[in-house]
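Hi everyone, thanks for coming. Let me bring the structure up on the screen, and then we'll take a short walk through it together.

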Amino acid sequence: MFSLENCYQNFLDSNPYPRELTSYDIAHKGLHMHLMHQDKLLINFCSNDYLGLAKHPLLISRSQEYAEKFGVGAASSRLVCGNFSIYEQLENQLAKALNKPAALILGTGYQANISVLEALLDSKVLGQKPLVFCDKLCHASMLTSIYSKAHVLRFKHNDLNHLETLLNKYSEVNQPKFILAESVYSMEGDSANLPGLIELAKRYHTFLYIDDAHAVGVCGKKGWGVAPEFAEEIDIIMGTFSKGLGSFGAYIGCSVTLRNYLVNKCKGLIYSTGLSPAILGAISAAIEILPQLENERQKLIMNANKIRHFFQQNAINYGNSNTHILPWIIGDAKDTLRVSQKLTEMGVLGTTIRPPSVPTGLCRIRFCLSSAHSDSDIQHFLTAIQKVCSSRKSTHSV
Ligand SMILES: Cc1ncc(COP(=O)(O)O)c(C=O)c1O
């Protein structure tokens with residue numbers, strides 16, 4: 001007999017890359033990047049907490065203060081009664097930091113990309129079905145809503161020649177056009193050529209949407225990401241509070257018209273409960289201290305360069321990474337899992353990434369660095385990698 005439960009079980013049974021949830025605990029209060037898993041101490045190289053702000057005393061105390069003042073829940077959408085007056089102050093601060101006329105805070109990065117793009121691509125509003133030119137490696141949240149709204153053309157990752165070929169092909173077509181890209185790609189740790197994208201967007205009269213999620217905190221003037229440096233020429237700058245800014249939630253920087261439009265059209269804003277005031281407290285503190293964290297940013301970049309140098313010397317393929325995110329591209333899924341397990345045994349926790357997150361044959365372990373890693377954490381990491389490399393060289397596997 002037909003059973004839905006069987007359908008889902010069949011999917012699980014036939015999935016060559018099953019995912020599972022693993023539990024971790026924070027190991028010590030003071031040591032940001034140390035986790036416990038089944039009584040084993042692990043140094044965390046998976047975290048997006050690039051500046052260690054998730055445990056920063058000011059974020060914690062402001063979060064407590066706001067929870068006490070406003071409660072832990074917003075109790076409704078911002079369009080109903082969940083729009084605490086603090087939003088206005090935060091959005092003004094954000095707009096200034098992003099060099100944009102306006103800003104809008106949304107639930108999560110995932111929700112922001114899905115629902116902002118869904119609203120922007122509305123063909124009833126635009127008069128025609130739009131064309132979307134999207135980098136091949138854009139995050140899942142940028143892809144989810146666009147296929148039902150637009151004709152989507154994916155260009156090869158960071159390949160502006162390919163993008164230009166596609167733009168050229170459709171240059172006579174009168175449909176509205178959008179380019180979607182990230183400034184720093186989360187699986188590769190490489191960067192987009194923003195001036196090149198801007199030049200093409202201008203030449204082909206195309207709306208430019210940049211997801212700056214992995215650059216925020218780390219790159220750019222005062223840590224506000226790469227995109228604000230080119231703000232005038234980017235229509236929407238999207239960023240998150242959930243990575244380098246240590247807490248949760250997302251924002252966009254845009255024109256006043258776009259902000260007003262999204263308040264009327266963006267379902268993720270209209271039909272979803274506003275952020276918890278405790279989170280707004282953490283956001284407020286992160287906005288306040290971000291410009292002061294220049295030493296942390298420098299330390300992070302120095303450590304990333306040190307590790308890249310070490311990878312080069314050990315013939316480790318890290319692709320085109322030029323940021324604080326470094327993949328070790330191994331290729332085969334089983335081999336990647338073996339290396340990852342070996343590293344975990346040595347107390348180094350990286351993220352094993354397999355299809356569908358990356359194409360078959362490009363499996364990898366992704367290491368994310370944080371300024372909260374101590375010198376001894378980094379040394380431990382290098383020693384563990386060195387040991388794995390030596391044993392792979394002697395046995396051709398681990
Ligand atoms: C490029 C990019 N955009 C958006 C998101 C989603 O952000 P959030 O975790 O705040 O939902 C992610 C998350 O990993 C991301 O990598």
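**A loop, a sheet and a patch**

Let's begin with asparagine 174, which lies in the loop between helix 8 (160-169) and strand 7 (177-182). Please keep in mind that this is a predicted model. Is asparagine 174 buried or exposed? With a relative accessible area of 66%, asparagine 174 is exposed, because the cut-off for that word is over 50%. If you'd like a sense of distance, take arginine 308 as the other end: the two residues are 134 apart in sequence, and their C-alpha atoms are 45 Å apart in space.

Now, on to the sheet. Here we have 3 strands in an open sheet, ordered 11-14-13, and the pairing is antiparallel. Why is one side of strand 11 (325-331) and of strand 13 (351-353) left without a neighbour in the sheet? Both stand at the edges and each has a single partner strand, so one side of each stays unpaired. From one strand to the next, the twist averages 25 degrees.

Let's look at the pairings themselves. Strand 11 and strand 14 run antiparallel and are joined by 6 bridges; in that part of the sheet, isoleucine 325 sits opposite cysteine 368 of strand 14. On the other pairing, strand 13 and strand 14 (residues 363-368) are linked by 3 bridges, again antiparallel. There, threonine 352 faces isoleucine 365 in strand 14, and isoleucine 353 stands opposite arginine 364.

Two helices pack on this sheet. Helix 13 (residues 294-313) touches strand 11 and strand 14, and its direction makes about 20 degrees with that of strand 11. Helix 14 (residues 333-345) touches strand 11, strand 13 and strand 14, with an angle of about 35 degrees between its direction and that of strand 14.

So how many residues of strand 14 are buried? The count is 6 of 6. In a regular strand, side chains alternate between the two faces of the sheet. In strand 14, Cys363, Ile365 and Phe367 point one way, while Arg364, Arg366 and Cys368 point the other way. Yes, the arginines too: all of these residues are buried.

Last stop, the surface. Phe2, Leu4 and Tyr8 form a nonpolar patch there, with about 400 Å² of accessible area together. Tyrosine 8 belongs to helix 1 (residues 4-14), and its relative accessibility is 55%, so tyrosine 8 counts as exposed.

That's my tour. Thanks for listening!

How values were computed. Residues numbered from 1 in each chain as written. Predicted model: local features only at pLDDT ≥ 70, side-chain atom pairs only at ≥ 80, totals over all residues. Heavy atoms only, no water. Pairing = 2+ DSSP bridges. Helix = DSSP H or I, 4+ residues; strand = E, 2+ residues; numbered from the N terminus. Axes fitted to C-alpha atoms, helices over the stretch in contact; angles between N-to-C directions. Contact = heavy atoms within 4.5 Å. Patch = residues over 30% accessible without salt bridge, like charges linked within 9 Å, V, L, I, M, F, W, Y side chains within 5 Å. Areas by Shrake-Rupley, 256 points an atom, 1.4 Å probe, with all protein chains shown as cover. Salt bridge = Lys/Arg side-chain N within 4 Å of Asp/Glu carboxyl O. Buried < 20%, exposed > 50% of the residue type's maximum accessible area, 1.4 Å probe, protein only.
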